[in-house]
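Biologist: Could you take me through this one before I set anything up? I'd like to begin with how the parts fit together.

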Amino acid sequence: MFGRQLPEIVTARVPGPESERWVERLARTECPSLTMRRARRAERSGASHDPIVWARAAGANVEDADGNVYVDLIGAFSVCAVGHAHPRVVEAAQRQVALLPHALGDVHPSVAKLELLDRLADWVPFDARIILGLNGADAIAAALKTAVLKTGRPGVVAFEGGYHGLMYGPLAVCGSHPGFREPFAEQLNPHVRFLPYGDAAALADGVDESIGAVVVEPALGRGGLVFPPDGFLAAVSARAREVGALVVADEIFTGFGRTGVRFAFEGAFEPDVLCVGKALGGGLPISACIGTAEVMQAWGDPDREAIHTATFAGSPVSCAAACAALDVLEEEDLIRRSREVGARWLGELRAALGDRVTDVRGRGLMIAVELASGERAGRVTQALLSRGWLVLGAGPGGRSLQLTPPLNIDEALLRGFTRALVETVEATP
Ligand SMILES: Cc1ncc(COP(=O)(O)O)c(C=O)c1O
């Protein structure tokens with residue numbers, strides 16, 4: 001059944017002719033940087049990086065424009081925790097779009113938005129006040145502004161390898177690839193300091209009284225699925241508290257069960273501000289900057305003009321989809337499933353791959369298989385694609401294969417992937 005099926009490739013090669021036709025059209029209309037980037041990657045790895053063009057998706061499956069069926073091990077950038085087009089999410093979004101697709105933002109809110117705010121407040125372990133956005137970068141921007149309002153300090157500490165989105169505010173704190181920032185450096189917040197991720201010893205000097213916010217991912221997502229050593233996150237939080245800076249947990253990648261717990265900060269530290277996105281909307285665009293009531297008081301002054309708002313923030317359709325996605329996470333017990341299935345799969349991957357790869361690491365259904373070089377990972381990714389398995393390179397040079405499937409994916413598909421991965425790694429130089 002589409003949604004839970006093994007790959008089925010019907011064209012002689014991948015991408016098939018329909019995808020190729022679409023990609024030619026894409027090159028005529030899309031910003032050229034994306035097409036040129038693919039060409040450069042192909043040159044480096046010696047394998048094509050032409051994309052398949054997605055036509056439909058359900059559960060763990062994606063079908064391309066040629067009718068090839070893939071298993072999505074990326075979970076659409078960790079967005080599809082509940083799978084693609086979950087019937088509950090689809091039904092909620094359809095109902096909402098017919099009922100009220102749009103309300104009046106910060107002036108006259110919608111019932112759907114209020115319902116989501118209540119749900120989110122119940123999901124976090126502190127008294128929450130929330131700003132909704134449309135994408136992850138929106139949530140980080142709101143968190144950075146919160147820190148300035150609360151502390152009056154422009155300084156921010158972020159970490160090498162961290163990814164927080166590419167809009168101007170977040171871009172300044174984005175440490176995963178200097179190339180993201182360089183062309184725009186003169187327009188970015190100059191008060192940002194990057195510290196090595198995982199190095200608690202660097203905190204004492206790096207985080208001082210000039211710093212208003214420390215922005216940290218509890219595990220690096222796009223930066224390569226890196227899990228910091230025990231005690232690092234607690235040390236970040238303790239040092240921030242010591243100097244009066246806010247701790248901003250960026251859980252846009254890790255939130256809502258990805259690592260086998262609700263939020264990856266749990267048990268390690270207590271954030272002042274928690275940023276979530278991706279999985280929240282069940283596939284629709286929405287994010288949230290969730291601060292403690294005490295910290296968010298800094299937005300105070302009720303007489304002032306609303307100083308942070310956006311036309312579509314709190315879109316009723318996205319809010320309704322998000323409420324449905326949270327229902328699914330709870331009713332299908334997906335966080336426990338992520339923890340248990342993830343632990344089993346990690347063990348299977350390690351046993352099957354042995355020393356054919358340089359590392360296999362993970363928590364819950366956030367797993368990385370690291371290869372010796374980005375070039376090799378690129379060739380493996382492309383070979384897997386042609387067999388119907390969607391994976392993506394992450395981290396420095398794209399050396400780690402990012403495995404972040406839907407949390408409700410069938411274990412038969414994971415076992416099938418493990419076998420395909422071993423064969424592909426063996427056959428790919
Ligand atoms: C940890 C983290 N923060 C922020 C973002 C930015 O989110 P968006 O691309 O929705 O703006 C991402 C996106 O990958 C992310 O992984």
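**Domains, ligand and backbone**

Modeller: Between domain 1 and domain 2 the count of salt bridges is zero, and please keep in mind throughout that this is a predicted model.

Biologist: OK, and where are the two domains in the chain?

Modeller: Domain 1 is assembled from three stretches, 1–12, 61–82 and 333–429, while domain 2 covers 87–331. Their C-alpha centres lie 27 Å apart, and the contact draws on 26 residues from domain 1 and 30 residues from domain 2.

Biologist: How much area is buried between them, and what share comes from carbon and sulfur?

Modeller: About 2200 Å² is buried between domain 1 and domain 2, with carbon and sulfur atoms giving 64% of that area. On the domain 1 side, Ile335, Arg363 and Met366 together supply 31% of the area buried against domain 2, which is more than any other three residues.

Biologist: How many residue pairs are in polar contact across that interface?

Modeller: The rule finds 17 residue pairs in polar contact across the interface of domain 1 and domain 2, with both residues of each pair at pLDDT 80 or more. The elements that give two or more residues to the domain 1 side are α3, α13, β11, β12 and β15, and the largest share, four residues, comes from α13. Sorted by class, that side has 14 nonpolar, eight polar and four charged residues.

Biologist: Switching to the ligand, which residues surround it?

Modeller: The surrounding residues are Asn135, Gly136, Ala137, Tyr163, His164, Gly165, Glu217, Asp250, Ile252, Phe253 and Lys278.

Biologist: Which atoms of Asp250 and Lys278 approach it, and at what distance?

Modeller: A polar side-chain atom of Asp250 sits 2.6 Å from a nitrogen atom of the ligand, whereas for Lys278 a polar side-chain atom is 2.9 Å from an oxygen atom of the ligand. With Tyr163 the backbone is involved, as one of its polar backbone atoms is 3.1 Å from a ligand nitrogen.

Biologist: Back to salt bridges, how many are there by this rule?

Modeller: The count comes to 22 salt bridges. One of them joins the side chains of Asp410 and Arg4, at 3.2 Å from N to O. That pair links distant parts of the chain, 406 residues apart, with Asp410 in the loop between β15 and α15 and Arg4 in the segment before α1.

Biologist: Last topic, the backbone: cis or trans from Val14 to Pro15?

Modeller: That peptide bond is cis, with omega near -5 degrees, and Pro15 belongs to the segment before α1. As background, most peptide bonds are trans and most residues other than glycine have a negative phi.

Biologist: And Ser78, is its phi positive or negative?

Modeller: Positive, at about 75 degrees, although Ser78 is not a glycine. Ser78 is in helix α3, and α3 is among the elements giving two or more residues to the side of domain 1 that touches domain 2.

How values were computed. Residues are numbered from 1 along each chain as its sequence is written. This is a predicted model: local features need pLDDT of at least 70, side-chain atom pairs count only at pLDDT 80 or more; totals for chains, interfaces and linings use all residues. Side-chain values use heavy atoms; hydrogens and water are left out. Domain bounds come from an automatic or database domain assignment. Contact means heavy atoms within 4.5 Å. Buried area is the accessible area (1.4 Å probe) that two parts lose on being put together, summed over both. A salt bridge is a side-chain nitrogen of Lys or Arg within 4 Å of a carboxyl oxygen of Asp or Glu. A polar contact is a pair of N or O atoms within 3.5 Å; within protein, one must be able to donate a hydrogen and the other to accept it, and residues adjacent in sequence count only if both atoms are side-chain atoms. Ala, Val, Leu, Ile, Met, Phe, Trp, Tyr, Cys and Pro count as nonpolar, Asp, Glu, Lys and Arg as charged, and the others, Gly among them, as polar. A residue is near a molecule or strand if one of its heavy atoms lies within 4 Å of it.
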